[in-house]
Every structure is written in C-alpha cells, then in structure tokens.
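Subject: Structure handover

Hello,

Here is the structure you were to receive. My notes follow it, grouped by region.

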Amino acid sequence: MRRVATLFSALTLATLSWTAGTTAHAAAHAATPAPSHPAPSAQGTSVATEEQRAAVRFWTAERLRTARDVTTLPAARTAKLADPAPTAGERVTVPPLPGPAAPVSAPSPRATSPTAWTGGGLISTTAGKVFFQNASGGTFACSATVANSDNKSVVLTAGHCTVDAATGTGYRNWVFIPGYNNGNRPYGTFAARRLFWDAQYVSTRSNANWDYAFAVMNTLNGRTLADTVGAQGIAFNSQTGRHVHSFGYGGSAAEGNGERLNHCEGNEFADAGRPGSTMWGIDCVQTGGSSGGGFLADFSGGAGYLIGNISVSAGTNEYHPTLGNAALGLYQQAGAA
C-alpha cells in the first residue's frame, strides 16, 4: 500500500502570474460562450517544450508505482477561512464531448462508500491519475478529470495538486494519464504545458474554498486530450443540494491501492462545520490519491457536468469547492492557453 503524504515543501519552478481574462468561442462540441466576468487573480506555471518531453520520460513504471498518494486536505487544515468564494452569478454550462466508444454497463449499487467503478462510459476514459514531483525529489499522485474546453486540453484538479500554497510555487514533471488502470496507460501520458490556480488559494495559505485548479495538457501524437478520450461537461454557479457522484484513485487497500478508479455518490449538503466555508459535500469519503477527482451532477451513462473536485475530508464526508465566477474566469484562461 502506498504511503500517504500532504505536501508543504517548496519546489523549484518559477511562478508566473496572469491577470487577463479570456472569453470562450462557440464551436461544435466545444465550450459554450460564457458571459464576461472580471478576471480573477490567476497564477500558474508555464512549462517549456523540452521540460514537457522530459516529464513524460521521467514517469517510468517504477516511478508510477512508488509515487505517494496526496491526501485530501483534512478539515483542520482549513480552519482559517476568509474571503469565501462567491457562489452567486449567472449559470454557465459546457456540454460533455463524446470520446472513444466505452461500453456502458450497470454500475454497482449506490456507492455510499468508495466502490470500484464498473459502469464504463465516458468517465472511464476522462478520469485519470496525475503524477508530479516536489523540490526534494519526492513523487506524488492525485486525480483529475478532462473538462470540455475551447482548446480541448484542460483537466480539472485540486489546487493542492498543482501548487505549494506556502510558497506559491508550482509542482514539476506534471503529467496526466487518462483511464489509468493498474499501471496501464491505455491512451498514453499527457504532459502539462500550463498550470492555473487561483491566487487566493495561495494568499490564504490553502483556504479550501479556492482549492481548484486547471491544467492545460500538451498534445500527444498530434491529437488533443479531448479528441483522444472525450471530455466531461462543466458547470459554473450551478444549483447545489443535488444528487452527485465523485470519482478518484484513493490509495487505501479497500480502494485498490490507487490502481483503479473508484466511485462515491450521495445527496449534497453544505459544509456547516466551519465558518466561512462555501464547500459542499456528500456522506462518502475517498482516501489519499483521490484529491482532485471530479464531482459530477446530472450524471448518466458515464457522462455529466463537473461542479467541483475532491478537496477536503472530514470524518465520513468529502467536500468540494464550488465553481463560481472566479473559477469560471480561471477556466476561460486555461481554455484559451
């Protein structure tokens, strides 16, 4: 079973800041045009082409096997909450993008505890594992999900899977393996060329209200990520309190030691345990390695709409930050990169 680690150490990549917002453009199966919003204070890293190639070479089978699973942030780490993420705004939705024909079968009974996903469908190709390295050379694993975007190259994950909130420095050798299963890479390894996180996640020293991030992946064999595996839809300022599903690669023995995709579901409830929290959660919790995995609403046949990512665990519950106007602006920048 993998060791579990929460990351606090500084890394060596330089941090770049972008403040200009972008607007999505309509295209078949691409992002729905979004209304203009004030651009959030975005931060991120840009990865040179040779560094992207080196990242793919870096992740040998042995390094994948020994990467440590990053924990979901425990509730105690988010006790100091300030400047909660805005939750009011115009609803914006981007539809899913079909991928390879993955057989859809009946999933296991309602997953009130992490259960191996057996339902096939789009989630089986668009969910995957993230791997990255810290400054001291440690290797780590998270989860992510492909989100439909204008450049067809964006994944949603957790802020704590992209940046050290204590220093504002992004992680390196960052790759995404869609459809990861027991060490297999059925669609290849995609290297990140840009990472985007919200500046408020760093300025608040890991306030989980802002614990979301978008990674822009390089093409592989001349094809974009979404053209290779499809993409889930994504929704901003969406309705809360619905029945939702979460997916991730938890590292416990019961979850397959991080080697398979697991599934939880439940009716959303507001995080009432911490003042200032704007997070929502369900009565099911996945363990270390599931960080960044997608929460989806309107989920059917393996496809749905991303409304957040696995961020905080507390007892038997797991929570996700809401995707509001700030997240929408960040997503628009990632989709235009």
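I start with strand β8 (residues 127-133), which pairs in the antiparallel sense with strand β13 (residues 172-178) over 5 bridges. Within that pairing, Val-130 has Phe-176 of β13 as its bridge partner. Please keep in mind that the model is predicted.

β8 also pairs with β9, again in the antiparallel sense, and here over 7 bridges. One of the bridge pairs is Ala-127 with Thr-145 in β9. β8 and β9 make up a hairpin with 5 residues between them, and Gly-137 in the turn has a positive phi of about 95°. As for solvent, β8 is mostly covered, with 7 of its 7 residues buried.

Disulfides

How many disulfides does a search of the whole structure find? The search gives 2. Counting bonded cysteines along the chain, the pattern is 1-2, 3-4. For the record, a disulfide is a covalent bond between the sulfur atoms of two cysteines.

One of them links Cys-142 and Cys-161, with the sulfur atoms 2.1 Å apart. The angle about its S-S bond is -80°, and the link is left-handed. Cys-142 sits in strand β9 (residues 139-147), while Cys-161 is in the loop between β10 (154-157) and β11 (163-164), so the bond ties together parts that are 19 residues apart in sequence. Cys-142 therefore belongs to the strand that forms the hairpin partner of β8. Are these two cysteines buried or exposed? Cys-142 has a relative accessible area of 0% and is buried. Cys-161 also counts as buried, at 0% relative accessibility.

The other joins Cys-264 to Cys-284, with an S to S distance of 2.0 Å. Its torsion about the S-S bond is about -55°, so this disulfide is left-handed. Cys-264 lies in strand β18 (residues 262-267) and Cys-284 in the loop between β20 (280-282) and β21, so parts that are 20 residues apart in sequence are tied together. Both Cys-264 and Cys-284 are buried.

The seven-stranded sheet

β18 and β21 both appear in an open sheet of 7 strands, with the order β6-β16-β22-β21-β17-β18-β7 and mixed pairing. Which strands are at the edges? They are β6 (92-94) and β7 (115-116), each of which pairs on one side only.

At the β6 end, 3 bridges join β6 to strand β16 (residues 233-236), and the two run antiparallel. In this pair, Val-92 stands opposite Phe-236 of β16.

Further along the order is strand β21 (residues 294-300), mostly covered, with 5 of its 7 residues buried. β21 is joined by 5 bridges to strand β22 (residues 303-309), and these strands run antiparallel. Gly-294 has Asn-309 in β22 as its bridge partner. β21 and β22 form a hairpin with 2 residues between them, and Gly-301 in the turn has a positive phi of about 60°.

β21 also pairs with strand β17 (residues 243-248), in the antiparallel sense and over 2 bridges. There, Ser-246 stands opposite Phe-295 of β21.

Helix α6

Helix α6 lies across β6 and β16, and runs at about 140° to β16. What span should its 12 residues have, at 1.5 Å a residue? For α6 (residues 325-336) the expected value is 16 Å, and the end C-alpha atoms are 17 Å apart, which agrees.

Of the 12 residues in α6, 11 are buried, so the helix is largely enclosed by the rest of the structure. Among the buried residues are Leu-328, Leu-330 and Tyr-331, along with Asn-325, Gln-332 and Gln-333. Gly-329 and Gly-335 are buried too.

One loop residue

Ala-48 is in the loop between β3 (42-46) and α1 (49-58). Its relative accessible area is 41%, which makes Ala-48 partly exposed. The C-alpha atoms of Ala-48 and Arg-194 are separated by 9.2 Å, although the two residues are 146 apart along the chain.

Regards

Note on methods: Residues numbered from 1 in each chain as written. Predicted model: local features only at pLDDT ≥ 70, side-chain atom pairs only at ≥ 80, totals over all residues. Heavy atoms only, no water. Helix = DSSP H or I, 4+ residues; strand = E, 2+ residues; numbered from the N terminus. Expected span 1.5 Å × (residues − 1). Buried < 20%, exposed > 50% of the residue type's maximum accessible area, 1.4 Å probe, protein only. Pairing = 2+ DSSP bridges. Disulfide = S-S within 2.5 Å. Contact = heavy atoms within 4.5 Å. Axes fitted to C-alpha atoms, helices over the stretch in contact; angles between N-to-C directions.
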